[in-house]
Amino acid sequence: MRRISVLLTVFLAVFGVSAASAAELPLARTDRGQTLVEVAVNGKGPFTMVLDTAAGLTTVSTRLKDELGLVRIGRSPQPMQLAGGAEPIDLYTLGFVALAGMPAPAPITVILDKPLRYLKPARGILGMNVLAHFAVDIDQPNRRLILNDFGTPPPSGIDWNAVPFATRYDDFIVVDVEIGGVAAKAVIDTGANGTIVNEKLAAKLGIVAGADGVKSGEILVGGGPTLKSKAGPLKLARASWSEIEVQAAQLPLFKAMEIDDGPAMILGNNVLSQVRLFIDYKNDKLYLTLPPTAELVGEKR
């Protein structure tokens, strides 16, 4: 899944398609703040999908599966990790996903209906098995997605902050951050409308039941009850936010992502929508611009 694979080369040769050097698509948002993009699947579409940098696999709804005539392969030998825990899943054939004419192979998919209830009008989730084939420029302040050939460096003339991330089998982007003076691991997640911290980080930040400024909350997509509070400053390289809204919850996802041995967070779109992101998978670097000056970055619920 990492790097331009032999599988991509074979698919391109068989189907007679070639990738352009760059392609630009408009971005939209759900009512709750997730990022949306239009894609084609096997030459059909366009279909609206959530642009999700913390989804390892591109997924579709049951209705879209039926519309595309996807064929069931069988039950996955491993359950899929969702916000509420692991669930058994069936695998289906998919094929090719194309964004503004730039194709990438996505041989398999799974059906996820429950999360999509809260992500209308999305009909699927565009995951890293597609995005990791490109140099991805997610410019949310200007509502656009720019896809470049794999290995393309970030555009010049921009005050980028370069942040290294470790190579992972799932292509998730995990970076080092500091929040409220506490060092933590953060997953870059454009598919999450808010930022979630684990219990270890919440305790260090004083986000506990009964504390001043701490309220009850809820994660709608399978996450259950949370504690809501404000925390800061958040620092990611030279980018800094004086204060952001967070929710504290011990989601099974933290363990599944192997970042639960210490303070950790899922950095969501209430923060990421403020900056432009450039993901260089070839060199394992995340580039981001500086956020606008603001006292509080909130979330739409």
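**Exercise 1.** Determine whether Tyr287 is buried or exposed, and examine its ring partner.

*Solution.* Step 1: Tyr287 has a relative accessible area of 14% and is therefore buried; here buried means under 20% relative accessible area, exposed over 50%, and partly exposed in between, with a 1.4 Å probe and protein chains only. The model is a predicted one, in which local features need pLDDT of at least 70, side-chain atom pairs count only at pLDDT 80 or more, and totals for chains, interfaces and linings use all residues. Residues are numbered from 1 along each chain as its sequence is written, and side-chain values use heavy atoms, with hydrogens and water left out.

Step 2: Rings of Phe, Tyr and Trp (its six-membered ring) pair if their centres lie within 6.5 Å; planes under 30 degrees apart count as stacked, over 60 as edge-to-face and the rest as tilted. By this rule there are 4 aromatic pairs. In one of them, the ring centres of Trp160 and Tyr287 are 6.3 Å apart and the planes stand at 75 degrees, so this pair is edge-to-face.

Step 3: Trp160 lies in the loop between β13 (144-149) and β14, and Tyr287 in strand β25 (residues 285-288), so the pair ties together parts that are 127 residues apart in sequence. Helices (H or I, at least four residues) and strands (E, at least two) are DSSP runs, numbered from the N terminus.

Step 4: Trp160 is also buried, at 13% relative accessible area. One aromatic cluster is formed by Trp160, Phe278 and Tyr287.

**Exercise 2.** Describe how strand β15 pairs with β16 and with β20.

*Solution.* Step 1: Two strands pair if DSSP finds at least two bridges between them. β15 and strand β16 (residues 182-188) are antiparallel and share 6 bridges. Within this pairing, Glu178 stands opposite Ala183.

Step 2: β15 and β16 form a hairpin with 2 residues between them, and Gly180 in the turn has a positive phi of about 60 degrees.

Step 3: β15 also pairs with strand β20 (residues 234-236), in the antiparallel sense over 2 bridges. There, Leu234 in β20 is the bridge partner of Ile179.

**Exercise 3.** Locate the backbone features at Asp171, Glu258, Pro46 and Pro121.

*Solution.* Step 1: Most residues other than glycine have a negative phi, and most peptide bonds are trans.

Step 2: Asp171, which is not a glycine, has a positive phi of about 65 degrees. Asp171 is placed in the loop between β14 (161-164) and β15 (174-179), and with 0% relative accessibility it counts as buried.

Step 3: Glu258, likewise not a glycine, has a positive phi of about 65 degrees. Its place is the loop between α5 (252-256) and β23 (264-267); Glu258 is exposed, with a relative accessible area of 59%.

Step 4: The peptide bond from Gly45 to Pro46 is cis, with omega near 10 degrees, and Pro46 belongs to strand β4 (residues 44-51). Lys120 and Pro121 are joined by a cis peptide bond with omega about 10 degrees; Pro121 is in the loop between β10 (102-111) and β11 (124-126).

**Exercise 4.** State the overall composition of the protein, and how its contacts are spread along the sequence.

*Solution.* Step 1: The protein has 6 helices and 25 strands. Of its 301 residues, 54% count as buried.

Step 2: Contact means heavy atoms within 4.5 Å. Among contacts between residues at least 6 apart in sequence, 68% join residues at least 24 apart.
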